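Reader: I'm new to reading protein models. Could you walk me through one, feature by feature?

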Amino acid sequence: MAAAGRIVVGVDGSPPSVRALHWAVRQAGLTGDSVEAVISWEYPAAGWASMVPSIPADFDPEALSAKILDDTLAQELGAEAAAGVTQTVMIGNAAQALMDRAEGASLLVVGDRGYSGFKATLLGSVGLHVAQHAPCPVVVVRGRATD
């Protein structure tokens with residue numbers, strides 16, 4: 001019998017990422033794989049940063065990302081189930097962070113979109129990128145079971 005693998009799931013707190021999280025946890029229950037929830041963050045590009053009034057000196061985007069991930073897992077899975085999920089916070093582009101963590105994984109799971117403003121597209125930029133370039137199979141979770 002093959003050793004259990006690892007399912008990597010992108011979680012940014014958005015409803016599509018929450019659906020992806022639930023899908024990944026259910027799949028892990030069927031396969032015996034572990035689940036690793038990944039969130040990433042990056043500073044705004046220089047052009048955008050110049051339009052932002054000023055970033056408070058005590059602003060800690062890594063701590064904020066870790067809190068979003070921790071809170072999402074606790075609220076959606078409950079404390080006991082959330083404790084069984086590995087939480088990874090990375091700096092950098094979301095698609096690249098997910099692909100880096102997916103190296104050696106049995107599966108990468110993402111929602112169909114995050115918090116982008118382009119709601120008319122069928123697939124967000126992160127989902128599209130990982131579907132094309134990930135080092136393992138990818139599942140893109142779309143909609144709800146009742147949709």
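Reader: Let's start with Glu-36: is this residue buried or exposed?

Author: You judge that from the relative accessible area, where anything under 20% counts as buried. Keep in mind that we're looking at a predicted model. Glu-36 has a relative accessible area of 2%, so this residue is buried. You'll find Glu-36 in strand E2.

Reader: Which side chain does Glu-36 pair up with in a polar contact?

Author: Look across to Arg-101: the two side chains are joined by a polar contact of 2.7 Å. If you skip the neighbours within four places in sequence, Glu-36 also touches Arg-6, Ile-7, Val-8, Val-9, Thr-86 and Thr-88, besides Arg-101.

Reader: Is there another residue I can practise on? Say, Ser-14: buried or exposed?

Author: Same cut-off: under 20% is buried. Ser-14 comes out at 1%, so it is buried. Ser-14 sits in the loop between E1 and helix H1, which spans residues 15–31. The side chain of Ser-14 has a polar contact of 2.6 Å with the side chain of Asp-12.

Reader: Now the strands. In what order do they line up in the sheet?

Author: Read a sheet from one side to the other, rather than along the sequence. Here that gives E3-E2-E1-E4-E5, five strands in an open sheet with parallel pairing. E3 and E5 (138–141) are the edge strands, each pairing on one side only. On average, neighbouring strands in this sheet are turned by 25° against each other, ignoring direction.

Reader: How many bridges link E1 and E2?

Author: Five bridges, in the parallel sense. To see one spot up close, find Ile-7, which stands opposite Val-35 in E2. Then look for H5, which packs on the sheet and touches E1, E2, E3 and E4. The direction of H5 makes about 175° with that of E1.

Reader: Which residues of H5 are buried?

Author: H5 covers residues 94–102, and its buried ones are Ala-95, Ala-97, Leu-98, Met-99 and Ala-102. Their cover includes the strands E1, E2, E3 and E4, along with helix H6 (125–133).

Reader: What should I look for at the two ends of that helix?

Author: At the start of H5, check Asn-93: one of its side-chain oxygens reaches to within 3.0 Å of the backbone nitrogen of Ala-95. After H5 comes Gly-104, with a positive phi near 85°.

Reader: And how do I describe two helices that pack together?

Author: You give the angle between their axes and the distance between the axes. For H5 and H6, the axes come within 9 Å and cross at roughly 35°. The crossing of H5 past H6 is right-handed. On the H5 side the contact involves Ala-94, Ala-95, Leu-98 and Met-99, and on the H6 side Val-126, His-129, Val-130 and His-133. Sorted by class, that contact has six nonpolar residues, two polar ones and no charged ones.

Reader: His-133 came up there. How accessible is that residue?

Author: Buried stops at 20% and exposed begins over 50%, with partly exposed in between. His-133, a residue of helix H6, has 48% relative accessibility, so it counts as partly exposed. For one last exercise, compare sequence with space: His-133 and Gln-96 are 37 residues apart in sequence, and their C-alpha atoms are 9.5 Å apart.

Note on methods:
Residues are numbered from 1 along each chain as its sequence is written. This is a predicted model: local features need pLDDT of at least 70, side-chain atom pairs count only at pLDDT 80 or more; totals for chains, interfaces and linings use all residues. Side-chain values use heavy atoms; hydrogens and water are left out. Buried means under 20% relative accessible area, exposed over 50%, partly exposed in between (1.4 Å probe, protein chains only). Helices (H or I, at least four residues) and strands (E, at least two) are DSSP runs, numbered from the N terminus. Contact means heavy atoms within 4.5 Å. A polar contact is a pair of N or O atoms within 3.5 Å; within protein, one must be able to donate a hydrogen and the other to accept it, and residues adjacent in sequence count only if both atoms are side-chain atoms. Axes are lines fitted to C-alpha atoms, for helices over the stretch in contact, and angles run from 0 to 180 degrees between N-to-C directions. A crossing is left-handed if the near helix is turned anticlockwise from the far one by less than a right angle, and right-handed if clockwise. Ala, Val, Leu, Ile, Met, Phe, Trp, Tyr, Cys and Pro count as nonpolar, Asp, Glu, Lys and Arg as charged, and the others, Gly among them, as polar. Two strands pair if DSSP finds at least two bridges between them.
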